[in-house]
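Colleague: I am new to this structure and would like to understand the reasoning behind the words used for it. Could we go through them step by step?

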Amino acid sequence: MLEPSVPDGFSVAGLIETGRMSDIVSLRCKKRDSFTDGFKGHSQLAMKAVQDSETIRVSYYLSIWAKFDHRRILPLINIRLDPESNIYTIYTPVVGGGDLFTKQFSLTEFRPLAGQLISALCYMNVTMQILHLDIKPENILIDEFRRNVWISDFEFMRQLPVDRL
């Protein structure tokens, strides 16, 4: 399991999810108003480490993810690369409600979530010319309290071929 370093000013608050290649942990700011460079305004973060022998592929999907600007796509707050180990540490907001795989909804409850999901996919496909290629319930995060969804896990996304635009 990869062991990314926790940024200064933060401590590990708990485990969010155990993944195939790395864990996703929750970080909490130790002191209010003492934010580290690159994390200003965030008192809680999710942190995941990614290591790949194909550094170009990882940097490709992270560079595209960083360009997304849609309220239903999980924002990328910061990326740090350890050049010696080729470990990328990815920081995102914490979404506290789980994912669509672990939650059940009635059709009435799901309709607004479906609209949010369609809006995000249209943005990715039409505006950004990107295909996600791994849409599944586990990659749709949900905030139970606000009833909002966020698309996550962009490892397999690809640019649409020019002849398909």
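Modeller: A nonpolar core is a set of buried Ala, Val, Leu, Ile, Met, Phe, Trp, Tyr and Cys residues joined through side-chain atoms within 4.5 Å. In this predicted model, the largest such core has 28 residues, and those with the most contacts inside it include Y61, L62, W65, F68, M124, F154 and M157. Among the elements that give two or more residues to this core are the helices α1 (55-67) and α2 (107-127) and the strand β5 (87-92). A second, separate core of eight residues includes V25, L27, C29 and L45.

Colleague: Why is L62 called buried?

Modeller: Buried means under 20% relative accessible area, and L62 has a relative accessible area of 2%, so the word applies. L62 is placed in helix α1, and, leaving aside residues up to four places away in sequence, it touches L76, I79, Y88 and I90. Of these contacts, Y88 is 26 residues from L62 along the chain, while the C-alpha atoms of L62 and Y88 are separated by 9.5 Å.

Colleague: How many aromatic pairs does the structure hold, and what makes the pair of W65 and F154 tilted?

Modeller: The structure holds three aromatic pairs. Ring centres must lie within 6.5 Å to pair, and planes that are neither under 30 degrees nor over 60 degrees apart count as tilted; the rings of W65 and F154 have their centres 4.9 Å apart and their planes at 50°, so this pair is tilted. W65 lies in helix α1 and F154 in the loop between β8 and β9 (158-159), so the pair ties together parts that are 89 residues apart in sequence. Set against the 20% limit, W65 counts as buried at 7% relative accessibility, and F154 is buried with a relative accessible area of 1%.

Colleague: Why is the pair of F68 and Y123 called edge-to-face?

Modeller: Planes over 60 degrees apart count as edge-to-face, and the rings of F68 and Y123 have their planes at 70° with their centres 6.2 Å apart, so the pair earns that name. F68 is in the loop between α1 and β4 (78-82) and Y123 in helix α2, 55 residues apart. F68 counts as buried at 11% relative accessibility, and Y123 is buried with a relative accessible area of 13%. W65, F68, Y123 and F154 form one aromatic cluster.

Colleague: What makes the charged end of R72 sit over the ring of W150?

Modeller: The distance part of the rule asks for CZ of Arg within 6 Å of the ring centre, and the charged end of R72 sits over the ring of W150 at 5.0 Å from its centre.

How values were computed. Residues are numbered from 1 along each chain as its sequence is written. This is a predicted model: local features need pLDDT of at least 70, side-chain atom pairs count only at pLDDT 80 or more; totals for chains, interfaces and linings use all residues. Side-chain values use heavy atoms; hydrogens and water are left out. Buried means under 20% relative accessible area, exposed over 50%, partly exposed in between (1.4 Å probe, protein chains only). Helices (H or I, at least four residues) and strands (E, at least two) are DSSP runs, numbered from the N terminus. Contact means heavy atoms within 4.5 Å. Rings of Phe, Tyr and Trp (its six-membered ring) pair if their centres lie within 6.5 Å; planes under 30 degrees apart count as stacked, over 60 as edge-to-face and the rest as tilted. A charge sits over a ring if NZ of Lys or CZ of Arg is within 6 Å of the ring centre and within 35 degrees of the ring normal.
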